[in-house]
Structure formats: structure tokens, C-alpha cells
Amino acid sequence: MTRHLTILGLESSCDDTAAAIVRQTEEGTPEILSSIVYGQTDLHADFGGVVPEIAARAHAEKLDLAVFEALTAAQVNLTELDAIAVTAGPGLIGGVLSGVMCAKGLCAATGLPLIGVNHLAGHALTPRLTDGVAFPYLMLLVSGGHCQYLIARGPEEFSRLGGTIDDAPGEAFDKTARLLGLAQPGGPAVEAEARNGDPTRFRFPRPLLDRPDCNLSFSGLKTAVLRARDQVVAEKGGLTRQDRADLCAGFQQAVSDTLTEKTRRAISLYMGENPTEPVVAVAGGVAANGTIRAALRALCEETGARFLAPPLALCTDNAAMIAYAGLERFRAGARDGMELAARPRWPLDKTSPALLGSGKKGAKA
Ligand code: KG4
Ligand code: ZN
């Protein structure tokens with residue numbers, strides 16, 4: 001029986017500065033001792049998206065504090081750690097560099113091993129942190145920066161079945177909100193408006209459904225919303241509250257239908273491998289959407305797979321997932337040295353061709 005391991009994780013690849021301590025006990029149950037997240041929403045609010053230079057500077061300013069708070073909240077000191085894990089990509093390079101340099105500094109000072117973690121692996125391994133799910137499971141990552149289907153086969157072994165070729169769905173929610181004068185982040189705002197809307201009044205496109213693969217596209221959808229909005233404005237001289245609600249509901253339904261249909265295809269590929277306990281997990285901010293969540297849950301019930309959505313704080317960017325992914329790598333014997341590089345792009349599946357596109361939150365894969 002291996003002794004317990006305690007790992008500090010750092011995350012700074014986008015617009016959240018995070019540090020967390022995760023411990024895996026002798027019984028093998030991982031425990032989050034602390035998880036600190038400093039968001040940067042206010043800093044970017046005037047710019048309509050994440051400004052990489054502002055993000056990098058804010059990470060550099062907040063990382064030390066986040067580490068200190070994570071250690072304090074966990075009542076752990078540096079000497080009790082077994083390793084330091086850090087997001088080494090993919091993401092906005094200035095932010096990734098801030099985290100990697102901070103982790104290297106801590107490792108140089110303490111002599112602790114350094115473990116570089118792929119941010120997407122952090123998301124993809126979260127179902128093991130929260131629910132101890134066994135490999136292989138199907139993972140759908142849907143956020144403002146990511147959108148892909150992965151079969152997780154091992155801590156460092158993932159097969160990508162498909163993903164977005166342009167915008168991520170969260171990005172489409174954010175852009176749609178902007179078009180309709182709603183607050184950022186757009187997802188929750190659009191969802192709230194959609195509650196009072198008629199999803200059938202505007203019929204928006206369901207992109208790429210004519211293609212049999214698991215790839216998605218969301219950039220045309222926001223253009224369709226823009227056209228519909230302009231048409232209503234041209235006809236009536238402005239948008240009523242009901243028009244706006246109907247546009248939101250129609251847009252949300254289009255995203256939900258597209259994700260559900262592509263997920264059906266991904267599940268069928270996954271089920272084709274005869275997993276003994278099939279699990280379909282989601283992560284990312286868009287997984288918070290009630291309509292999308294309900295549609296995916298119903299689909300899983302229909303196909304006989306267990307549906308798993310981690311608590312929201314672990315769906316969105318956080319450092320507990322990085323600490324845990326680092327722990328899995330550490331257990332498998334992985335160690336990185338001071339030559340660990342920060343990578344703007346870092347596909348999880350080295351065998352799949354690169355996805356096109358790079359959104360407001362950095363590279364997609
Ligand atoms: O995972 P996340 O916090 O950050 C990254 O993008 O990495 O996801 C944020 C994204 C935003 O685009 C936000 O609009 C979207 O998730 N989002 C939602 C909802 N809550 C957050 N989209 C749809 N419905 C929601 N309820
Ligand atoms: Zn993320």
C-alpha cells in the first residue's frame with residue numbers, strides 16, 4: 001500500500017488564478033484540502049474578452065497569494081508536500097508562463113519535484129477526483145475555451161473523437177449575450193432570458209449535423225442570431241423583452257440540440273468499445289446550463305450510460321483538478337525538470353489532427 005501523497009496545484013492558463021492542495025489517502029480516496037480561485041472578470045469587463053497581457057500581469061501578482069492561502073486553508077506547509085503540479089499548457093502563454101515560473105521557483109527553493117500538467121487533462125480527470133470513475137470513460141469538455149469529446153483511457157492517454165472547428169460553445173453564449181445587450185459572462189444571462197422565451201419562434205442552424213463525425217461549429221450560430229436580431233429591429237424599430245427572450249431560447253435550443261446529437265455519436269463510438277461500466281462526464285462552464293444538462297442526462301439514460309457532472313466549482317477552471325492530474329502523473333513516476341516548457345498549444349491526443357481555431361481564451365487544443 002502506497003503512503004498518502006499531498007500535492008500543491010497551480011492554474012493560470014486563462015483568467016483564473018488558482019492554487020489548491022489535494023491529498024490522496026492510503027485508501028486511495030482523493031481529498032481536496034483547499035481550493036483557492038481568484039477570478040479576473042472585473043479586469044477584463046471593459047474589453048469584451050480576456051486581454052492576455054492584463055491576465056498575465058494579474059496572475060503574476062496573485063499567484064503567491066493564492067499559494068499562501070491554499071497552504072493556510074489546508075493547514076499544510078511546504079515541507080509536507082510531495083510535489084508541485086502546474087498547468088504547463090494549453091492556454092494564453094503569458095499566464096501559463098507565470099504559473100510555470102512560480103512553480104519552478106517553489107521547487108528550486110524547496111527541492112520538491114515539479115510536475116507539468118496539461119490543463120485539458122485536469123478537466124478530463126476530474127470525474128476520477130470527484131467520483132473515482134474507472135477508465136475508460138467518455139468526457140465532454142464544454143466551456144468558453146474548450147469543446148471536445150475525449151475517451152479517457154489513462155492519466156495520460158486520451159483519444160479525441162472530435163471538437164469545435166471554430167468557437168467554443170461558451171464563447172457563442174458570450175457573443176450572443178453581447179449582441180443582445182446582456183451582461184457577461186453570457187451563459188448565465190442568456191439562460192435566464194431564455195426561461196421566458198419560445199425556443200421555436202426562431203429556428204437557428206444546427207451546424208455540421210449533416211456530417212457523421214463528432215466535430216462541432218458554433219461561429220455561424222452567432223451570425224444567425226445577429227441576422228435575426230437585425231431583422232426584428234428593421235421590422236419593428238427595436239427589440240421587445242419578449243423578442244430578446246425568444247432569441248435567447250432559440251439560440252440555447254440550437255446549442256443544446258447540436259451538442260446532444262454530436263454526443264449521441266460520441267457515445268455510440270465509446271459504447272462500441274464495450275466499456276464495462278459506461279460513464280459519460282461533462283465539465284466546463286457550459287455544463288452549468290440547465291437545458292443542456294437535462295438533454296445530456298436524458299440522452300445518457302436512453303443509451304444506458306451513467307451521466308456525471310462534477311460540482312460546478314470543479315467544472316470550471318480550478319487548481320484542484322491540476323493538483324489531482326499531477327498526483328496521477330506523479331504516482332505513475334512522471335517528473336519534470338527545470339526545462340519544463342510553457343506551451344500555448346498542447347493537444348491531449350497526439351494522434352488526432354489539430355483542430356482549427358483559437359478563441360478569445362486561447363488555443364483550443
Ligand atoms: O469553464 P469556464 O468557467 O471557463 C473557461 O472557459 O475555461 O467556462 C466559462 C464559460 C463562459 O463562456 C460562460 O458564458 C459559460 O461558460 N457558461 C454558461 C453558463 N454558465 C457559464 N453557458 C451556458 N449556460 C450557463 N448557465
Ligand atoms: Zn479550462
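**Stop 1: the β6–β7 pair**

Start by selecting β6 and β7 in this predicted model: the two strands run antiparallel and are paired over six bridges. Follow the chain from β6 into β7 and you pass through a hairpin of four residues. For one cross-strand pair, show M139, which stands opposite L150 in β7.

Now look at the surroundings of β6. Is this strand enclosed or left open by the rest of the structure? Six of the six residues of β6 are buried, so the strand is largely enclosed by the rest of the structure. Colour its two faces separately: Y137, M139 and L141 lie on one side, L138, L140 and V142 lie on the other, and all of them are buried. That split fits a general pattern. In a regular strand, side chains alternate between the two faces of the sheet.

**Stop 2: the rest of that sheet**

Add β9 to the selection. β6 and β9 pair in the parallel sense, over four bridges. Pick L138 and you will find its bridge partner in β9, V280. Stay on V280, because it also stands opposite F307 in β10. Strands β9 (residues 279-283) and β10 run parallel and are joined by three bridges.

Zoom out to see the full open sheet: five strands in the order β8-β7-β6-β9-β10, with mixed pairing. β8 (157-163) and β10 (306-308) are the edge strands; each has a single partner, so one side of each is left without a neighbour in the sheet. From one strand to the next, the twist averages 20°.

**Stop 3: helices on this sheet**

Select helix α8 (residues 241-271). This helix lies across β6, β7, β8 and β9, and runs at about 155° to β6.

Bring in helix α5 (residues 169-179) as well. The axes of α5 and α8 come within 11 Å and cross at roughly 170°, so the two helices are roughly antiparallel to each other. To view the contact, show P169, A172, F173 and T176 in α5 together with F251, Q252 and V255 in α8. α5 is mostly covered, with eight of its eleven residues buried; among them are E171 and D174. Just after α5, check the backbone of G181, which takes a positive phi of about 70°.

**Stop 4: the second sheet**

Next, select β1 to β5. What is the strand order here? The five strands form an open sheet in the order β3-β2-β1-β4-β5, again with mixed pairing. β3 (30-39) and β5 (114-118) stand at the edges with a single partner each, so one side of each has no neighbour in the sheet. Neighbouring strands are turned by 20° against each other on average, direction ignored.

Within this sheet, look at β1 (residues 5-11) and β2 (residues 16-24): they run antiparallel and are joined by seven bridges. G9 stands opposite A20 in β2.

**Stop 5: α4 and α11**

Select α4 and turn the view until both sheets are visible. On one sheet, α4 lies across β6, β7, β8, β9 and β10, at about 125° to β6. On the other, α4 lies across β1, β2, β3, β4 (83-89) and β5, at about 90° to β5. Helix α11 packs on that second sheet as well, touching β1, β2, β3, β4 and β5, and its direction makes about 130° with that of β1.

How do α4 and α11 (residues 320-331) pack on each other? Their axes are 8 Å apart, at an angle of about 85°, so the helices are roughly perpendicular to each other. The contact includes H119, H123 and R128 from α4, and A320, Y324 and E328 from α11.

**Stop 6: the zinc ion**

Keep H119 and H123 on screen and select the zinc ion (ligand 2). Which protein atoms are its donors? They are NE2 of H119, H123 and H146, plus OD of D317, lying 2.1 to 2.5 Å from the ion. Angles among the four donor atoms range from 88 to 164°, and the site is irregular. Along the chain, the donors follow the spacing H-x3-H-x22-H-x170-D. H123 sits in helix α4 (residues 119-131) and H146 in the loop between β6 (137-142) and β7 (147-154), so that the pair links parts of the chain 23 residues apart. Both H123 and H146 are buried.

**Last stop: A108**

Finish with A108 in helix α3 (residues 93-110). A108 is exposed, with a relative accessible area of 58%. Draw a C-alpha to C-alpha distance from A108 to E191: they are 83 residues apart in sequence and 46 Å apart in space.

Note on methods: Residues are numbered from 1 along each chain as its sequence is written. Chains are lettered from A and ligands numbered from 1 in the order in which they are written. This is a predicted model: local features need pLDDT of at least 70, side-chain atom pairs count only at pLDDT 80 or more; totals for chains, interfaces and linings use all residues. Side-chain values use heavy atoms; hydrogens and water are left out. Donors are N, O and S atoms within 2.8 Å of the metal (3.2 Å for Na, K and Ca); water is not among the atoms, so sites may look incomplete. Four donors count as tetrahedral if all angles lie between 85 and 135 degrees; four count as square planar and six as octahedral if opposite donors are over 155 degrees apart and all others between 65 and 115; anything else is irregular. Buried means under 20% relative accessible area, exposed over 50%, partly exposed in between (1.4 Å probe, protein chains only). Two strands pair if DSSP finds at least two bridges between them. Axes are lines fitted to C-alpha atoms, for helices over the stretch in contact, and angles run from 0 to 180 degrees between N-to-C directions. Contact means heavy atoms within 4.5 Å. Angles under 35 degrees count as roughly parallel, over 145 as roughly antiparallel, 65 to 115 as roughly perpendicular and the rest as oblique.
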